[in-house]
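Subject: Structure handover

Hello,

The structure is below, with my notes after it. Please read them alongside the coordinates.

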Amino acid sequence: MQVSVQGISVWGPGLSGWPHTARVLQGQEDWEPAPVQVPPATCLPANERRRCGPLTRLAIALAEEACAQAGVQAADIRGVFASSNGDGAVVDSILTALSTPGGEVSPTQFHNSVHNAPAGYWTIGHASLAPVVALGCYDWSFAQGLLKAAAECVVENAPVLFVAYDLPIPGPIGKVRITHNTFGCAFVLVPQARQGAVCTLDITHAPGAMAQDTTLPPQLAELARSNPAAGGLALLQQIASGQEGTVHMTCQPGTILAEVKPC
Amino acid sequence: MKPLAITAGTVLSAIGRGLAETEDALLARRSGLTPCDFAGIKTGYVGCVPQAGTYVLEGVAPSFTCRNNQLADMACAQDGFAQAVRNARQFYGAHRIAVVLGTSTSGILSAEDAYEALDPVTGAPPMKFDQAHTQDLFSLPRFVAARLGLEGPILSVSNACASSSRAFVDARHWLEAGLCDAVVVGGADSLCRMTLRGFAALGLVSAEPTRPCDAQRTGISVGEGAGFVLLEREGARSGADVMGRWVGYGVSSDGHHMSSPDPLARGAVAAMREALERAGLDATQLDYINLHGTGTVVNDAMEDHAVHTLFGRSVPCSSTKGWTGHTLGASGIIEAMFALVMMRAGFAPGCLNVQQIDPTFNSHVLTDTLHKPVRRVMSNAFGFGGTNCSLIFEGV
């Protein structure tokens, strides 16, 4: 499947937006991990902004930057939102209420617990009628999500916004499902390259052997393992390098190969 | 769109295990709803699948054991589904069959149980809690792929109550992109404290059995269940039985509110209109619309408005939630299978429990069984987050 990357966003520890992240991945700047502070979700009305949590703010910041870079209208673009953990803080809070005698489930938390909540807030923020799917694919959320987004782009012959994002989970679940860092990345994929395209991706799925590239410097490789969405770092590094190359990503089952060609 | 063939299918809900029991219950107008008595919760009625919690999984690692996968496994064992998938596997190869499933809460009941048994000192869940294989959303397709011996790419779709409807669309994208030759599509959702208490907190659980489209409706009855179809290109595998064809879909967002539908129904109308366009049909060519029809005041009013906008009173419609309750993320596949049952047997069921149709409604709502040939059915699903999916199926 051949698609073009028209816009990119990254937010993670010490990675503030795509231009900054690209410089870090190119080795032009040192990586200095720091708490993630994403821009406010200004697309949302004040009451919705109060109701949504950090996961939604992360997803919206990623989506905004990728769409702005690509020059696409947020209200028109189909979305593929992928996250392993969903809003772990909300789920933990509900589970705690359920297991506490007399504990009440908050109605707002309940509707925020659906996996497509960040996607829902994104469409509310832009009064968008465009379809968005929410995927949850554990450690392989980035790779499965990319495979889905590329297929949708090609088959629907339309731009697709792909957003992958995850946060650490607090509470008891967080003791068994360990996600160390906040990380997210987003891509605007288009069927045919337009002016300003970053690169083309030729994406194939090899169902047999599992392979994962390990070309990242050790610290970033550790970051890539610490959050399901950070599984995209190897691909982001290849794109940032401005060189042709093929990236292997483990998926379920098998491997996804992304052949990157700069535009 | 190029229609896709449904070459196997099965359904499990409170009204029955498999197609034959489902058809009997729909025709007999026999509801599966019973007073809720689940995990200490006694609010309203539920559509509970008997024996789901004690079912022993077949041929896979026991670590996958959770109520959601138990429902999925029960469904795999029905209607010759697993055998039909084996036949397809022999033809295409295991790596050419994908698994794309919808669920809203996966095995969250296992996490709820774990929170009841936390270590008092460390706050850690008990050792037996296997989060990845139960609560996690990806548990369902991983389990089903292992259960059916499939090695194509797998996907979990979690668009709230439109999850397993939307899964059809995502499956088609992989199929048409050439990533696979067939897909097991469907989903499962299971009773849990979170949804029972959560919908109650929103004031959306009916004290009586749910009565979609009734003037006095007060909310949903929560249900559970599972269902699957095997979807492949038409004519690609000679000798495969074709149960029905999937001929159109529309997907949209409301962009309006997280838990209330847009009263103007713009998203729902857009989804239904797109489904007609992709199927190359005009409004008069549908025989029946299976409504999302949850039984809440706002959903049913919005959907009536949407249906009337596109169809006037020309197409009979009803909700089957009075039989099963609202099976949330599983409702799309369960009602897709109901559509196939209705087309095969030639009937359209009227809403259950209706004393008086909401007098503000303008669409053609059925309250009794209509016996007639049914060739094409539209099936709607809408969900929190403002997600909409409309599918059109055709009989053979």
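**Notes on chains A and B**

B:Thr34 has B:Val46, in strand 4 of chain B, as its bridge partner. This is a predicted model, in which local features need pLDDT of at least 70 and side-chain atom pairs count only at pLDDT 80 or more, while totals for chains, interfaces and linings use all residues. Residues are numbered from 1 along each chain as its sequence is written, and chains are lettered from A and ligands numbered from 1 in the order in which they are written.

Helices (H or I, at least four residues) and strands (E, at least two) are DSSP runs, numbered from the N terminus. Two strands pair if DSSP finds at least two bridges between them.

Sheet in chain B: strands 3, 4 and 8 form an open sheet in the order 3-4-8, with mixed pairing. Strand 3 (34–35) and strand 8 (222–223) are at the edges with a single partner strand each, so one side of each has no neighbour in the sheet. Strand 3 runs antiparallel to strand 4 (residues 45–47), and 2 bridges join them.

Helix 3 of chain B: its 12 residues (81–92) should span 16 Å at 1.5 Å a residue (1.5 Å times one less than the number of residues), and the end C-alpha atoms are 16 Å apart, which agrees. Buried in this helix are B:Phe81, B:Ala82, B:Ala84, B:Val85 and B:Ala88. A residue is buried if 20 or more other C-beta atoms lie within 10 Å of its own, exposed if 12 or fewer, and partly exposed in between, with C-beta atoms placed from the backbone. The buried residues cover an arc of only 155 degrees around the axis (taken from the directions from the helix axis to the C-beta atoms), which puts them on the same side of helix 3. Exposed B:Gln83 and B:Gln90 are on the face turned away from that side. After the helix comes B:Gly93, with a positive phi near 95 degrees.

Interface: 55 residues of chain B are in contact (C-beta atoms, placed from the backbone, within 7 Å) with 50 residues of chain A. The chain B side has 25 nonpolar, 20 polar and 10 charged residues. Here Ala, Val, Leu, Ile, Met, Phe, Trp, Tyr, Cys and Pro count as nonpolar, Asp, Glu, Lys and Arg as charged, and the others, Gly among them, as polar.

A:Val132 is buried, with 29 other C-beta atoms within 10 Å. Leaving aside neighbours within four places in sequence, its contacts include A:Gly79, A:Trp122 and B:Ser253.

Regards

Conventions:
Two residues are in contact if their C-beta atoms, placed from the backbone, lie within 7 Å.
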